[in-house]
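Pull up the model and turn it until you can see the ligand. We'll begin with what surrounds it and then work outwards to a few other spots.

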Amino acid sequence: MHKDCKEILVTGEQITKRCQELGAQISKDYEGKEVILVGLLKGSVPFLAELSKYITIDVYFDYMDVSSYDGATSTGNIVVETDLKQSVRGKHILIVEDILDTGRTLATIVPYIRERGAASVEIVTMLFKPERLERSIEAKYIGFNVPNAFVIGFGLDYDQKYRNLPYVGILKEECYQ
Ligand code: IMP
């Protein structure tokens, strides 16, 4: 375990197993539909890579880079840094997110994609912090519920660090205080 990590919450093996289950469900739900997986950079990349291995229908990849976070607290300011490269008109969009926290990011992105004529817009998130949710945003697919703690690993960072950890863990308080 990394020295800055207090506790492992979800192991890499648990993430793989959950991705197999979610991939099977998504493949069933979207059978016969044109699907774009929209990964939110940068945190969703490891989860998108793992999950997509277990999706057996044809899907396209696209990415958005939306910044909202400064260190360990949400600023609530959402800026689209990198936009989608392909048209979403008539397509079924599955937004792939690392963590659904306050819901501010997704509350901005979902209408943004809907307004561009997507046939449907849903969310798959690796983690969900139910205690922190502020907006009426619902993820159709959730990997794991996590407690209200600052988590790192499997894509999640603190000041751009720890994204490469092969598990999700709680960051020691002394690392951000
Ligand atoms: P929201 O808009 O508050 O739902 O925040 C979503 C984004 O905040 C995520 O995509 C993460 O990048 C970041 N975030 C929220 N909670 C954590 C955390 O515990 N660790 C690392 N990043 C987090």
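What kinds of residues make up the shell around the ligand? The split is six nonpolar, three polar and six charged. Keep in mind as you look that this is a predicted model.

Now for names. The shell holds 15 residues, and the ones that come nearest to the ligand are Asp98, Thr102, Gly103, Thr105 and Val151. Which elements give two or more residues to that shell? They are the strand β5, residues 92-100, and the helix α3, residues 104-114. Of the elements, β5 gives the most, with three residues.

Zoom in on the oxygen atoms of the ligand and you can pick out some polar contacts. Thr102 uses its side chain: one of its polar atoms there sits 2.4 Å from a ligand oxygen. Asp101 takes part through its backbone instead, with a polar atom 3.0 Å from an oxygen of the ligand. Arg104 also offers a polar backbone atom, this one 3.4 Å from a ligand oxygen. How much of the ligand does the protein bury? On its own the ligand would expose 490 Å², and the protein buries 92% of that.

Let's leave the ligand and look at a pair of helices. Find α1, residues 12-29, and α2, residues 45-52: their axes come within 8 Å and cross at roughly 60 degrees. Angles from 65 to 115 degrees would count as roughly perpendicular, and those under 35 as roughly parallel, so α1 is oblique to α2. As for the hand of the crossing, α1 passes α2 in a right-handed way.

Two backbone details are worth a stop before you close the viewer. Where is the cis peptide bond? Look between Leu41 and Lys42, where omega is about -5 degrees. Lys42 belongs to the loop that runs between β2, residues 35-41, and α2, the helix you just saw crossing α1.

The other detail is at Phe154, in the loop between β8 (151-152) and β9 (168-171). Its phi is near 45 degrees, which is a positive value in a residue other than glycine. If you're colouring residues as you go, Phe154 in its loop and the Leu41 to Lys42 bond make handy markers.

Definitions and conventions: Residues are numbered from 1 along each chain as its sequence is written. This is a predicted model: local features need pLDDT of at least 70, side-chain atom pairs count only at pLDDT 80 or more; totals for chains, interfaces and linings use all residues. Side-chain values use heavy atoms; hydrogens and water are left out. A residue is near a molecule or strand if one of its heavy atoms lies within 4 Å of it. A polar contact is a pair of N or O atoms within 3.5 Å; within protein, one must be able to donate a hydrogen and the other to accept it, and residues adjacent in sequence count only if both atoms are side-chain atoms. Accessible areas come from the Shrake-Rupley method with a 1.4 Å probe; for residues, only the protein chains shown count as cover. Helices (H or I, at least four residues) and strands (E, at least two) are DSSP runs, numbered from the N terminus. Ala, Val, Leu, Ile, Met, Phe, Trp, Tyr, Cys and Pro count as nonpolar, Asp, Glu, Lys and Arg as charged, and the others, Gly among them, as polar. Axes are lines fitted to C-alpha atoms, for helices over the stretch in contact, and angles run from 0 to 180 degrees between N-to-C directions. Angles under 35 degrees count as roughly parallel, over 145 as roughly antiparallel, 65 to 115 as roughly perpendicular and the rest as oblique. A crossing is left-handed if the near helix is turned anticlockwise from the far one by less than a right angle, and right-handed if clockwise.
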